[in-house]
Amino acid sequence: MNRLTSSRDELLKLLGQGAGIVERRQTLPILANVLIQHNANGTLFITSDMEVQIRLQAGEAVQTSAEDAAITVNMRKLLDILRAASPGNVTLEWSDGKMTVRAAKSRFSLQTLPAEDFPLVRAATDFSDHALRLPQKLLKRLLGLTHFAMAQHDIRYYLNGMLWVADGQQMHLVATDGHRMTLATAPLEKAVERREIILPRKTVLELSRLLSDEDDAMIDIALASNQARLTLDGLEFTSKLIEGKFPDYQRVVPKGHRNMLQVERTTLQAALQRVAILTNDKFKGVRVNLEPGLLRLTSINAEQEEAQEEIDVDYGGDVIEIGFNIAYLIDALANMTSDQIRLELQDGNSSALFTMPDEPNFKYVVMPMRI
C-alpha cells in the first residue's frame, strides 16, 4: 500500500497549477489523469496533453510513504474531492488499481491507471546552454498586453500562437491574426544570440494563468529547435513549438503617421462598449470620425438602428473617417493598463497605431474595415 499525506490546501495548490492543460475529453483516457510520482528527489505531480507538460515539485509538506511509488488518477475528480473536503490533512492510498482518498470523515474510492502508461513529453536534446531570464511578473505583463491578438483556428497555423524573439538584451512578444497585431518588448537579464520561436496559443494562455504579477522571482526559459522549457519555483513547463515563418512584424508597424491624438482610455472604452450594443456577431463595424476637437463613434446594424457617441479631444489634425472592427478596439483597451492612450492615423485607408505614453515598448496595430 502506497500512501501520500498532505494538507488539503497544499494539494489543491499543486493540482490547480497543473490542471489547466488537462482536457475533459481526451483521445487517450490516461491524459485526463495526473501522474503522481515519488522518488529519492521528492514527490512530483505531472500533467500532459502530449504537446504541453507541467511538472510540479512538491515541498516537504507532502509526505509519501514508499520510494519509487507512482500512479495516475483522474485529475478533475481528485480536484473536485479536495475542493469539497473539509480543511485539514488529506491521505491518498493506492494499490491494485484503486486509490482511496480520506479527508476527515470522508472517504472516496477512485479508479487508477498504471504510471508506466502515462505519455510523458520527451525532452529535446538540443536545448541551448544559455537560458533567457526575466522576472515572472514582467513576463505576465507582456503576455497580458499581447495575447488577445492571437488567431484561434486560422488555416495559417503559425498565427495560432505567439512569436517570441530574443535578440541581444531584448525580448519581443508578437501576436497577430492577420487583421491586428500586438508587440511588446522587455529587457533580458543578459545578452543572447538572436532566437525566434512560436509558442502555441494554449501554452501562452496557460502561462498567463500560472504566472504571478506580484512576484519578482526570475523565470528561466530554455530553447531548443522544437521545444521551450520554462522553470520557476519548483514548476517546470515544457511546450512543443509551432513550425513556420511568422510575418515580418517590423514591417507592419506604421511609421510617420501625421495625425495623432491622446484620449483617456476608460472614456474611450466606455463609449465603445455603449456603441457596441447595436452591433451583432455578423457585423461589428464602428465608424470613427475625427475632426478638430471631436472624436465621433457611430455604429449601424442590419435593422438600420444607430448608436452614436461623441468625445471631446485635443486634436487639430486632418478630418478623417475610418472604420474598425469594434471588438478589436475593445479587446485592446481592456488589456492596456495606462490611463491615457495615443492613437496615430494617416488617413481612412491606412492601419492605425495605438500606443501608451508611459509604455513606449508596446504597440498595437489594427487594420481598417470597410463599412
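Two strands are said to pair if DSSP finds at least two bridges between them, and strand β22 (residues 352-356) and strand β23 (residues 359-366) meet this condition, pairing in the antiparallel sense over four bridges. The model described here is a predicted one. This briefing looks at the sheet that holds these strands, and then at two helices, α6 and α7, that pack on the sheet.

**The sheet**

- The strands form an open sheet of six, in the order β11-β12-β23-β22-β21-β16, and their pairing is antiparallel.
- Because β11 (161-176) and β16 each have a single partner strand, they stand at the edges of the sheet, and one side of each is left without a neighbour there.
- From one strand to the next, the twist averages 25°.
- Within the pair formed by β22 and β23, Phe354 has Tyr364 in β23 as its bridge partner.

**The edge strand β16**

- β16 and β21 run antiparallel and are joined by six bridges, and Asn259 stands opposite Leu345 in β21.
- In a regular strand the side chains alternate between the two faces of the sheet.
- β16 shows such an alternation, since Asn259, Leu261 and Val263 point to one face and are buried, while Met260, Gln262 and Glu264 point to the other face and are not buried.

**Helices on the sheet**

- Helix α6 packs on the sheet by touching β16 and β21, and its direction makes about 90° with that of β16.
- Helix α7 also packs on the sheet, where it touches β12 (180-200), β21, β22 and β23, and its direction makes about 165° with that of β23.

**The buried side of α6**

- Which residues of α6 are buried? They are Arg265, Leu268, Gln269, Ala271, Leu272 and Val275.
- These buried residues lie on the same side of α6, because they cover an arc of only 165° around the axis.
- They pack against several elements, namely β16 (259-264), β17 (285-291), β18 (294-300), β19 (306-312), α7 and β21 (340-345).

**Where α6 meets α7**

- Helix α6 (residues 265-275) and helix α7 (residues 326-335) pack at an angle of about 145°, and their axes are 10 Å apart.
- The crossing of these two helices, α6 and α7, is left-handed.
- On the α6 side the contact is made by Arg265, Leu268, Gln269, Leu272, Gln273 and Val275, and on the α7 side by Ile326, Leu329, Ile330, Leu333 and Ala334.
- Sorted by class, the residues in the contact of α6 with α7 are eight nonpolar, two polar and one charged.

Note on methods:
Residues numbered from 1 in each chain as written. Predicted model: local features only at pLDDT ≥ 70, side-chain atom pairs only at ≥ 80, totals over all residues. Heavy atoms only, no water. Axes fitted to C-alpha atoms, helices over the stretch in contact; angles between N-to-C directions. Left-handed = near helix turned anticlockwise from the far one by under 90°. Contact = heavy atoms within 4.5 Å. Nonpolar A, V, L, I, M, F, W, Y, C, P; charged D, E, K, R; others polar. Buried < 20%, exposed > 50% of the residue type's maximum accessible area, 1.4 Å probe, protein only. Arc of directions from axis to C-beta.
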